[in-house]
Amino acid sequence: MEYGVSQNEISKACALYFSERIPVVSRDGRPLMPCRPAKARKLLSSGKAEPRWSKLGLFYIQLGIDIKSEYNGGGQSFVLAHDPGSKFDGMALGCKFVQLRFMVILPQKVAGKMKNRRELRRGRRYRNCRRRPYRPRSPGPYWIAPTQLAKVLFRLAVVEELCRLFPISHFIVEDVRFNHFRFRHGKHFSTAEIGKTRYYSELCRLGVLVLVEGWQTKLWREGAGLKKVTRKDALIPGSHANDAVAMLWGLAGCGVNEGAPFYVLRRPEFARRSLHRQNFQKGCVRSLFGGTSNGSFLRKGDYVEAEKAGKVYRGWVCGLPTETTPLVGVMDARGVRIGQFAPGKVRLLQRGHNILWERVM
């Protein structure tokens, strides 16, 4: 890990202003510097590029030709700032100005699902039936609790997807630390501290990691004139994203762009596949429960376009057609079901990637 990186070195990575530009990926999948929308339209109309959609809902183009110049010549690159939390994270991506802002809603229902799985497993062991002997499982030296591992993996999924679209060279992260021996009111800080070592190691593999303190972020936020609200669950930049913007402004020299797009990202909460339903069923035969597929073409989490009564809706599949209900359920990015549609009126746009995105601003 690198902690003593100078401000001039990070500012060199933010060479140009790329607001309102389209991400570009080479033929072999390497991220390039974005281009203007007019340039993107010209490449698409001439057949030299193809349109693509990322897992985060961002439109980009992939070149179908080989470029003769050097990849991102002149040291041009992006900087990603991250403000981690226990339930919500704030991220901001910038070059010379802030390009994108994100609010990441971390998974929260993992503990309850692990408890139900443990109870079902113990119930099967005490039944009078053939079963394998009990095998104790060792957690290993680098074990992380499932509740924290889900948060770390979801953060890495978002970061790696951004690295596939933009040439990110530096990562600025607010280091979360708390003296639990001296103070006893920091129980919520432990949820953000657990797993940060693994997260930092993965960021060092992708680029240069720079850690900052919380008091530095506060000074930069006040110096940039950014507001911060007290409601942590508010879907606005002032809840978490402005802290990441302040880090870009104070350390990387990125200009504050109030018109930068603001996205809210979350993980879909689907019931995992179980052997059968937990409750007693009539006839003493418990049917299968959960899962994201039942043999049909669509799967839960697929991004689709559905039509009903002349109106077109876009969302994610949350219910699959069955014998009793031959309809497809579609929900929005917040998990609220939009409605049920006939399978013939549903068109697949993109396969599910375990990320729900919503552009708020």
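Confidence in this predicted model averages a pLDDT of 85 over the protein chain, and 92% of the residues score at least 70. The start of the chain is another story. Over residues 1-5 the pLDDT stays under 50, and the model gives this stretch 13 contacts beyond four places in sequence. Residues 10-19 also have a pLDDT below 50, with 41 contacts in the model beyond near neighbours in sequence.

Next comes the sheet. Seven strands make up an open sheet with mixed pairing, and reading across it gives the order S9-S8-S5-S6-S7-S10-S16. Strand S9 (208-212) and strand S16 (356-359) sit at the edges; each has a single partner strand, so one side of each goes without a neighbour in the sheet. On average, neighbouring strands here are turned by 20 degrees against each other, ignoring direction.

At the S9 edge, the partner is strand S8 (residues 168-174), which runs parallel to S9 and is joined to it by five bridges. Along this pair, Phe171 stands opposite Leu209 in S9. Two helices pack on the sheet as well. Helix H6 (residues 196-206) touches strand S5 (78-83), strand S6 (88-94), S8 and S9, and its direction makes about 155 degrees with that of S8. Helix H8 (residues 241-252) touches S5, S6, strand S7 (98-105), S8, S9 and strand S10 (262-266), with its direction at about 135 degrees to that of S5.

One residue of strand S5 that deserves a look is Asp83. This side chain is buried yet has no salt bridge: the nearest side chain of opposite charge belongs to Lys228, 5.0 Å away. Because a salt bridge is counted only within 4 Å, that Lys228 distance of 5.0 Å does not qualify. Setting aside neighbours within four places in sequence, Asp83 is in contact with Phe88, Asp89, Gly90, Glu174, His240, Asp243, Ala244 and Met247.

Another residue to pick out is Lys232, found in the loop between helix H7 (214-224) and H8. Its relative accessibility is 41%, so Lys232 counts as partly exposed. Not counting residues up to four places away in sequence, Lys232 touches Phe88, Met103, Ser239 and His240. Phe88 and His240 also appear among the contacts of Asp83. Lys232 and Gly85 are 147 residues apart in sequence, while their C-alpha atoms are 9.8 Å apart in space.

Key
Residues numbered from 1 in each chain as written. Predicted model: local features only at pLDDT ≥ 70, side-chain atom pairs only at ≥ 80, totals over all residues. Heavy atoms only, no water. Pairing = 2+ DSSP bridges. Helix = DSSP H or I, 4+ residues; strand = E, 2+ residues; numbered from the N terminus. Axes fitted to C-alpha atoms, helices over the stretch in contact; angles between N-to-C directions. Contact = heavy atoms within 4.5 Å. Buried < 20%, exposed > 50% of the residue type's maximum accessible area, 1.4 Å probe, protein only. Lys, Arg positive; Asp, Glu negative; His and termini not counted. pLDDT = per-residue confidence, 0-100.
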